[in-house]
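Notebook open, viewer loaded. I want to look up a few charged pairs and a couple of single residues, and jot down what turns up.

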Amino acid sequence: YSGATNNLIGGTNGAARNVISGNGSEGLRLQGIGAAWNLIQGNFIGTDASGTTSLPNGWTGLTIFSGAASNLIGGTSAGARNILSGNWTYGLVVADPGTSGNLIQGNYIGTDLTGTSALANGFANAALWGGTTGNLIGGSGAGAGNVIAFANGPGVVMYDPGTTNNSIRVNSIFSNAGLGIDFNNDGATPNHLGFLAGPNNLQNYPTLTNAVASGSTTTVSGTLNSTAITAFLVDVYRSTSADPSGYGEGQTYFGSATVTNNGGGNSIFTVAAVGNFAGQYFTATATDKTTGDTSEFSLAVLATNGPIAPAFIAPITMTSTGFIAKISLTISQNYHVQAATNLGANPILWIDLTNFLAGATNFIFIDRAATNFPRRFYRTVSP
């Protein structure tokens, strides 16, 4: 605390491991302005020396607070991984103004040393509150993602309007009793128009419209409504089973897209990857590239087998006679163009506008009724 810098607790060699467990409150604390550039690596925090049985710390495994900054918890190599599991309430707590720039990477939180069996923390696996900003849980680099699973509450929970600009990316988050990511511990936060104060500025999540497996490729499409003229990273995940809430957790990272919202705050995206994942559940998060704010997980969509997904070639345009769109298709496939007026509904009510057999690879669609609606959303499905 208070200026302790560049210390190493543990190490990437198994012989350097500490077992930090069975304490009355916290196992380990990084506290105060200037407690920076410390490495916490390779330790078992909340388990016994085997890494398979809980030996709980009485509150949390690790706390980082009161301005402790730029510390690395874990790392991208297997040897750097900490186990933060089996604690009475939290595996990890990050809190307070000035507590920023901390990297939490490559750890197993809520599991045993295999990353596959439960060793639950009593409530949330990770919690951020009290105005902590600019921390990264996970990351896009190889080995940076954490496994965050089996908590008796949310995987990651965030509180307080000042707790912002925190990124939660490319982790494996699954089998938690609560949401995978939960703002305010109150269940799924509805998307909204305009600014609302809250954890991570209550960043809106994407809306997935299609998940189609065709041959050896799966394609996921969707939309995002958020800040206008702003770039976002949309991270897509898949899971073998549905979350009871209907909102996904993200067990396996699938891929990402970078989008820039238009003046109305809207964008569309498509992410494709090798593998036929029909029967699996897809979900996504959105991260503001400027601020780092990551959303909760979106509503999940079940992937189905089908032809290559159709795509809108150009932006939908508005004329005096309605909306006009150009769609790329596969000849001799049957298609439905569908419309909805509210993507916040659960389930979303899609209405068929047309049903046709494609005779060409391009189709011009005009919705003349759209002039009667303040907003209108479209998708093309097959069959």
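Started with Arg-376, which I can file as buried because its relative accessibility is 15%, under the 20% cut-off. This is a predicted model, so everything below is read off predicted coordinates. I then looked for the acid that pairs with Arg-376: Asp-367 makes a salt bridge with this arginine, with 3.0 Å between the closest N and O atoms. Asp-367 is buried too, at a relative accessible area of 5%.

**Other salt bridges**

How many salt bridges does the count come to? I get 3.

Next pair on my list was Glu-26 with Arg-29, where the closest N and O atoms sit 2.7 Å apart. Are the two partners buried or exposed? I noted Glu-26 as buried, since its relative accessibility is 14%. Arg-29 comes out as partly exposed, because its relative accessible area is 44%.

Then I pulled up Asp-235 and Arg-169, whose side chains form a salt bridge at 2.7 Å, N to O. Asp-235 belongs to strand β20 (residues 231–239) and Arg-169 to strand β15 (residues 167–169), so this pair links parts that are 66 residues apart in sequence. I checked burial here as well: both Asp-235 and Arg-169 are buried.

**Val-236**

I stayed in strand β20 and clicked on Val-236. Val-236 is buried, with a relative accessibility of 0%. Which residues does Val-236 touch, leaving out those up to four places away in sequence? I listed Val-220, Thr-252, Tyr-253, Phe-254, Gly-255, Val-271, Phe-282, Thr-283 and Ala-284. I also took a C-alpha distance from Val-236 to Leu-302: the two are 66 residues apart along the chain, and their C-alpha atoms are separated by 13 Å.

**Asn-204**

Last lookup was Asn-204, which I found in the loop between β17 (181–183) and β18 (207–214). Despite the loop address I have Asn-204 down as buried, at 4% relative accessibility.

What does the side chain of Asn-204 reach? I found the backbone oxygen of His-192 at 2.9 Å. The backbone oxygen of Asn-225 also lies 2.9 Å from a polar atom of the Asn-204 side chain. Both of those partners turn up in my contact list for Asn-204, which leaves aside neighbours within four places in sequence. Also on that list are Asn-191, Leu-224, Ser-226, Ala-286 and Ser-295.

Notes: Residues are numbered from 1 along each chain as its sequence is written. This is a predicted model: local features need pLDDT of at least 70, side-chain atom pairs count only at pLDDT 80 or more; totals for chains, interfaces and linings use all residues. Side-chain values use heavy atoms; hydrogens and water are left out. A salt bridge is a side-chain nitrogen of Lys or Arg within 4 Å of a carboxyl oxygen of Asp or Glu. Buried means under 20% relative accessible area, exposed over 50%, partly exposed in between (1.4 Å probe, protein chains only). Helices (H or I, at least four residues) and strands (E, at least two) are DSSP runs, numbered from the N terminus. Contact means heavy atoms within 4.5 Å. A polar contact is a pair of N or O atoms within 3.5 Å; within protein, one must be able to donate a hydrogen and the other to accept it, and residues adjacent in sequence count only if both atoms are side-chain atoms.
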